[in-house]
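Here is a brisk report on the helical packing and the chain contacts of one model. Keep the sequence and the 3D view open while you read.

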Amino acid sequence: MVLHRAARARLAPFGAAVLVAAVLVALGAPLLAPYDPLEQNLGLALARPGRAHLLGTDNIGRDVMSRVIWGTRVSLVAGFASVAVAAVTGSLLGVLAGYAGGRADGLVMRAMDAVLSFPPLVLALALGAVLGAGLGGVLIALGVVYTPTFARLMRGQVLAITAREYVDAARALGAPGWRIAWHHVLPNAAPPIVVQASLSVAFAILAEASLSFLGLGIQPPGASWGSMINAGRGYLQQAPWIVFGPGAALFVTVVGLNFVGDAIRDALDPRL
Amino acid sequence: MGRLVLHRLAATVPVLLLVTAGVFALLHLTPGDPIDAMMAESVDAEAKASLRKELGLDRPIHEQYAAWMRRLLRGDLGRSIRNGEPVIENVSRRIRPSLELALLAMAVSLLIAFPVGIVSAARRNTAVDRAGTSFALFGICMPNFLLALLLIFLFGVTLRWLPISGYTDPVEEPLNGLRSLLLPAVTLGLALAAVITRTLRSSMLEALGEDYVRTARAKGLSEWRVIRGHVLKNALIPVVTVLGLQLGTLIGGAVITEYVFALPGVGRLVVEAVFARDYPLVQGVILLIALGFILSNLLVDLLYGWIDPRIRYR
């Protein structure tokens with residue numbers, strides 16, 4: 001029923017099509033990429049888009065389209081994995097804070113406020129720097145940055161749900177706290193978490209691309225959209241396709257995921 | 001209003017303590033020895049030992065934290081490993097270009113967002129409204145480094161109207177200074193304008209549905225007078241909130257914008273420090289940015305209380 005409502009959102013079909021296409025491209029990269037993304041051909045460096053190379057080649061003759069296709073994997077993994085880390089960690093912290101209350105609640109929420117006191121990209125940059133360049137460091141950094149949002153959301157949900165009669169009834173029947181949390185609190189608190197997660201994936205992909213653009217994330221010669229755009233900016237005049245090929249892929253993916261997130265939010269909003 | 005100020009300040013203190021603890025811990029998150037990470041190219045054991053002693057890393061962690069907090073309270077944020085200068089001096093040299101960029105970006109964003117948001121709301125479900133909401137979507141989804149390169153390609157490389165990088169001090173050369181900041185400010189301001197447009201449109205539509213607006217129209221007031229006299233001030237409250245929430249995005253966006261346009265601001269200083277593994281400088285700058293962010297949010301909270309009297313008396 002939720003999917004049916006989500007599908008009725010005006011731009012949901014476009015968003016869904018983009019998401020499905022991105023996943024298929026990421027999974028099918030070895031079959032879809034016309035060339036090896038690492039294969040250099042200096043004789044064809046900075047070649048214009050044409051029949052042989054649909055998005056041209058970069059400064060060392062690598063096929064841009066193949067690198068954009070392989071870069072889809074990095075972006076989707078970064079987006080979904082970092083949000084998953086944040087959603088799980090944040091939800092656990094939120095349940096702890098909301099259910100335990102008192103000092104535990106105060107400590108967890110002040111810690112979340114402290115994390116939120118840093119501009120997100122600055123914090124991700126600092127964490128990525130200390131954890132080291134590479135996808136792992138970026139995933140952890142983004143996971144930390146997005147955790148407070150989920151923690152606050154879950155805590156609010158837990159406080160609202162634990163005040164309901166069915167939770168009182170479960171307590172009166174002698175159900176232990178963990179059982180109440182698992183069977184009653186978490187399932188009812190899940191929808192806003194799902195909405196937030198779906199809205200966050202697009203921004204996580206943008207954030208990973210930003211960090212890769214700055215030089216964290218996947219290191220050369222690996223293909224990621226952000227690092228490709230950074231490498232291409234020195235050749236903007238002679239070969240703008242090196243920047244705008246991955247740029248277009250990034251933009252379309254983020255727009256599509258935004259539409260999907262909006263559709264899921266509208267479908268799960270009890271007011272609509 | 002005084003009670004609101006005191007209440008907000010009191011709530012900030014525990015957060016500040018945790019922020020300082022977090023920044024202190026940053027150095028210790030480095031896998032392996034942070035000194036080896038900072039001096040990766042060096043094999044001089046004596047130099048490493050000397051840096052370890054200077055940063056206090058040879059002492060127990062609680063003593064390190066106490067010493068760090070004592071220095072912090074004296075205003076000593078440590079020294080850069082690269083140039084040996086105090087962090088405060090490194091930052092104060094770079095703060096003006098960042099503030100100029102931020103102010104110009106805010107001005108650009110408000111100049112764009114207000115007309116677009118107001119017209120979009122007033123002409124709901126028309127082509128003008130659809131253009132306005134498309135603009136908002138474009139601004140939110142477009143990565144700002146990509147937008148920067150698009151603007152550079154269009155206005156710098158193709159049309160050659162504006163410089164593509166570098167900074168000229170607007171105090172010494174106002175016209176050239178403004179030209180050097182225009183593309184970066186538009187890059188930073190457009191993303192913010194998109195968010196403000198969306199919020200303003202939404203809050204104006206809500207206000208336009210209120211009874212007092214129906215009354216004003218029934219009294220014969222023109223639509224423009226209704227919007228200007230009744231709708232806009234009520235619609236501004238969520239916009240101020242969003243501006244506050246977007247401060248973090250603005251600062252983050254400034255890091256990338258300064259990097260792309262080679263502006264000598266604090267944002268680019270962070271990037272340079274990160275890649276030079278100048279961790280004392282990274283710690284100091286991150287802490288100052290966080291403090292600035294907390295203070296700005298505090299000011300926005302207080303501004304919110306000033307705009308909406310109902311907040312002050314809660």
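## A covered helix in chain A

Helix 10 (residues 225-232) of chain A is mostly covered, with eight of its eight residues buried. A residue is buried if 20 or more other C-beta atoms lie within 10 Å of its own, exposed if 12 or fewer, and partly exposed in between; the C-beta atoms are placed from the backbone. Helices (H or I, at least four residues) and strands (E, at least two) are DSSP runs, numbered from the N terminus. This is a predicted model, in which local features need pLDDT of at least 70, side-chain atom pairs count only at pLDDT 80 or more, and totals for chains, interfaces and linings use all residues. Residues are numbered from 1 along each chain as its sequence is written, while chains are lettered from A and ligands numbered from 1 in the order in which they are written.

The buried residues of helix 10 of chain A are Trp225(A), Gly226(A), Ser227(A), Met228(A), Ile229(A), Asn230(A), Ala231(A) and Gly232(A). They pack against helix 4 (64-100), helix 9 and helix 11 (241-268) of chain A. Helix 7 (144-158) of chain B is a further partner.

What about the open side of the model? Helix 9 (residues 211-218) of chain B has eight residues, and the number buried is zero, so it lies largely in the open. Gly220(B) follows helix 9 of chain B, and its phi is positive, near 100 degrees.

## The two chains

Both chains have helices and zero strands.

| Chain | Helices | Residues | Buried | C-alpha span along principal axes |
|---|---|---|---|---|
| Chain A | 11 helices | 272 residues | 52% | about 80 × 45 × 25 Å |
| Chain B | 13 helices | 314 residues | 37% | about 85 × 55 × 35 Å |

Two residues are in contact if their C-beta atoms, placed from the backbone, lie within 7 Å. In chain A, residues 24 or more positions apart account for 70% of the contacts with a separation of 6 or more. For chain B, that share is 70%.

## Helix pairs in chain A

Axes are lines fitted to C-alpha atoms, for helices over the stretch in contact, and angles run from 0 to 180 degrees between N-to-C directions. Helix 9 of chain A and helix 10 of chain A pack at an angle of about 40 degrees, with their axes 7 Å apart. That makes helix 9 of chain A oblique to helix 10 of chain A. Angles under 35 degrees count as roughly parallel, over 145 as roughly antiparallel, 65 to 115 as roughly perpendicular and the rest as oblique. Helix 9 of chain A passes helix 10 of chain A in a right-handed crossing. A crossing is right-handed if the near helix is turned clockwise from the far one by less than a right angle, and left-handed if anticlockwise.

From helix 9 of chain A, the contact uses Glu208(A), Ala209(A), Ser210(A), Leu211(A), Ser212(A) and Phe213(A). From helix 10 of chain A come Trp225(A), Gly226(A), Ser227(A), Ile229(A) and Asn230(A). By class, the residues of this contact are five nonpolar, five polar and one charged. Ala, Val, Leu, Ile, Met, Phe, Trp, Tyr, Cys and Pro count as nonpolar, Asp, Glu, Lys and Arg as charged, and the others, Gly among them, as polar.

Helix 6 (residues 120-131) and helix 7 (residues 135-161) of chain A pack at about 145 degrees, with axes 8 Å apart. Here too, helix 6 of chain A passes helix 7 of chain A in a right-handed crossing. The residues of their contact divide into 11 nonpolar, two polar and no charged.

## Core and interface

In all, 34 residues of chain A are in contact with 35 residues of chain B. On the side of chain A that touches chain B, helix 6 of chain A gives the largest share, eight residues. That side has 24 nonpolar, seven polar and three charged residues.

A nonpolar core is a set of buried Ala, Val, Leu, Ile, Met, Phe, Trp, Tyr and Cys residues joined through C-beta atoms within 7 Å. The largest has 161 residues. Those with the most contacts inside it include Val122(A), Ala124(A) and Ile286(B). Helix 9 (residues 177-214) of chain A gives the most to this core, with 17 residues. Leaving aside neighbours within four places in sequence, Ile286(B) is in contact with Phe118(A), Val122(A), Ala126(A) and Val23(B).
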